[in-house]
Amino acid sequence: MDRIVILDFGSQTTHLIGRRVRDAGVYAEIVPGVSAVESWYDDTVRGLILSGSPFSVYDENGPKPSRSLFDLPVPKLGICYGAQYAAHLFGGDVTRSETREYGPARVVSNVDDPLFETIPETFESWMSHGDAIAAGPSRGETLARSENGAIAAYSFPEARFTGLQFHPEVSHSQYGSTLLANFARRLCGARAEWNVERYRAEIETAVQKSVGDRTVLLLISGGVDSTVVAALLLRALSPDHVHLMYVDTGLMRRGETGEVRETLASLGARHLHIVSAADRFYGALEGITDPEKKREIIGNEFIRVQEREIRGAALPSDYLLAQGTLYTDLIESGHGVGRHANRIKSHHNVAAPMVVEKRDRGEIVEPLANLYKDEVRRLGTALGLPDSIVGRHPFPGPGLGVRVIGEVTRQRCDTLRHVDSLFISELRERGLYDEIWQAFAVLLPVRAVGVAGDERAYGQIVALRAITSVDGMTADVYEFPPGVLRSISARITNEVPEVGRVVFDVSGKPPATIEWE
Ligand code: XMP
């Protein structure tokens with residue numbers, strides 16, 4: 001299959017480049033930017049993309065890709081650092097800057113180039129850079145400038161190289177997807193051979209091969225990723241060899257445990273271990289209000305319960321552990337790709353001792369590790385999972401533990417569960433659920449005065465959050481149609497007697513995060 005290789009120099013948006021190229025139907029793979037050319041180059045590679053980086057080309061310890069990759073007989077695209085690096089290498093002028101230029105910039109391109117085909121002459125791009133390209137390589141050509149005259153794109157035909165100062169991969173860059181698709185399809189001539197349905201058969205065979213007739217254990221969270229892995233394992237392997245374990249921590253959403261049981265049974269699960277551990281979690285969380293402490297307790301309890309249950313399940317000693325790790329998880333936790341990638345999330349279970357041990361022994365199966373979230377959803381559909389499961393909003397590992405602010409008790413979780421289920425069912429009934437990337441309710445640790453009948457009453461306050469996003473790294477507040485929030489709020493205060501007030505969170509990310517904690 002034709003491939004585009006992305007050399008990662010540690011930019012936080014590298015994985016978005018891969019995603020956009022795959023959206024164009026072309027298989028894209030991310031490799032550490034400084035790895036040896038021979039470790040990834042073969043005759044299926046149709047083009048290279050050099051990513052951005054937190055480093056400057058003048059940094060001693062910045063990533064320095066192999067000089068020989070510029071001799072490879074395929075088109076290359078440098079984005080930000082990638083473009084600056086090539087300009088610097090081929091006699092251009094990169095000016096050092098201590099301050100970063102960050103935000104939208106209009107770009108004008110009036111040169112005929114396949115990269116800009118079907119894109120208007122002037123468009124809005126997204127900049128995020130310190131250093132700037134004052135001059136491209138002397139035997140190169142400027143393809144686009146920003147409105148203030150700075151070089152926004154150049155070509156250097158000798159190395160079949162095009163450099164972009166802006167980031168076409170971020171959603172704020174107009175025509176960014178078209179530009180990356182133009183690169184992959186028109187400039188590189190890569191064939192659009194990548195689709196998840198085709199990949200499904202490949203993954204199934206790979207899973208069968210790596211598992212053989214061993215037993216596999218999968219820890220289920222109720223979310224999309226682990227459910228898709230369950231569907232895949234149950235289809236690819238004999239269900240007798242597949243053990244599924246789900247821990248009800250008491251921090252799940254309303255009805256979740258029942259739904260998980262039903263879904264997995266309908267997929268043909270034979271060894272389903274549903275562990276009721278709510279009391280244990282509530283007990284451990286008693287009196288704790290510090291968010292980090294709560295996370296730590298929940299994480300530790302999880303590991304203890306799982307280890308106890310796994311021992312009790314009496315699995316053969318060489319059992320394999322399956323995980324719903326995604327491509328982005330690997331990138332974000334610095335495993336496998338981009339040694340310069342920054343660690344962003346610390347909450348992935350990639351580091352649990354049991355997982356580390358299994359990984360060290362090579363006893364792990366991660367069938368989604370090449371896929372992006374939206375591809376996992378499509379794979380789920382291809383495996384016959386209903387839309388209500390594949391389209392589910394993300395839910396954090398520590399569950400309501402991060403959404404009940406202050407002390408986590410059964411009673412407070414019950415209140416929040418009730419509110420959350422009303423909010424979500426309203427969104428589904430109104431056909432808004434799929435327009436929103438993530439929606440949920442948060443229970444606050446303060447009360448506010450209200451009137452109940454003729455009395456003044458101090459009721460609880462819940463905050464509703466609804467955001468749109470591409471991947472959860474940034475988020476915008478979802479704009480509700482007029483009147484909707486008001487009627488959802490009325491329903492909540494009518495049906496949940498403990499709640500006296502409903503507020504709506506109007507903060508984007510940044511500066512806020514999606515969860516409250
Ligand atoms: P934040 O709050 O960091 O969230 O803007 C970004 C996305 O990550 C989810 N999230 C978590 N997911 N374990 C998870 O598995 C966690 O501890 C966790 N904290 C946040 C959050 O729901 C959002 O989708």
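Which backbone oxygen does the side chain of Gln-84 reach? In this predicted model, the partner is Asp-131, whose backbone oxygen lies 3.0 Å from the Gln-84 side chain.

Let's look at where that glutamine sits. Gln-84 is part of helix H2, which covers residues 81-89. With a relative accessible area of 3%, Gln-84 counts as buried, because the cut-off for that label is under 20%. If you leave aside residues up to four places away in sequence, you can pick out what Gln-84 touches: Val-57, Val-94, His-129, Asp-131, Ala-132, Ile-133 and Gln-165. Asp-131 therefore appears twice in this part of the tour, as a residue touched by buried Gln-84 and as the owner of the backbone oxygen that the Gln-84 side chain reaches.

Now let's move on to the ligand. Its surroundings are made up of 13 residues, and the closest of these are Arg-295, Gln-438, Lys-509, Ile-514 and Glu-515. Sorted by class, the shell holds five nonpolar, five polar and three charged residues.

Several of the closest residues also make polar contacts with ligand oxygen atoms. In Glu-515, a side-chain N or O atom is 2.5 Å from an oxygen atom of the ligand. Gln-438 also uses its side chain, with an N or O atom 2.8 Å from a ligand oxygen. Ile-514 takes part through its backbone instead: one of its backbone N or O atoms lies 2.7 Å from an oxygen atom of the ligand. As for how much of the ligand is covered, it exposes 500 Å² when taken alone, and the protein buries 84% of that area.

Technical notes
Residues numbered from 1 in each chain as written. Predicted model: local features only at pLDDT ≥ 70, side-chain atom pairs only at ≥ 80, totals over all residues. Heavy atoms only, no water. Helix = DSSP H or I, 4+ residues; strand = E, 2+ residues; numbered from the N terminus. Buried < 20%, exposed > 50% of the residue type's maximum accessible area, 1.4 Å probe, protein only. Polar contact = N/O pair within 3.5 Å; in protein donor to acceptor, adjacent residues only side chain to side chain. Contact = heavy atoms within 4.5 Å. Near = heavy atom within 4 Å. Areas by Shrake-Rupley, 256 points an atom, 1.4 Å probe, with all protein chains shown as cover. Nonpolar A, V, L, I, M, F, W, Y, C, P; charged D, E, K, R; others polar.
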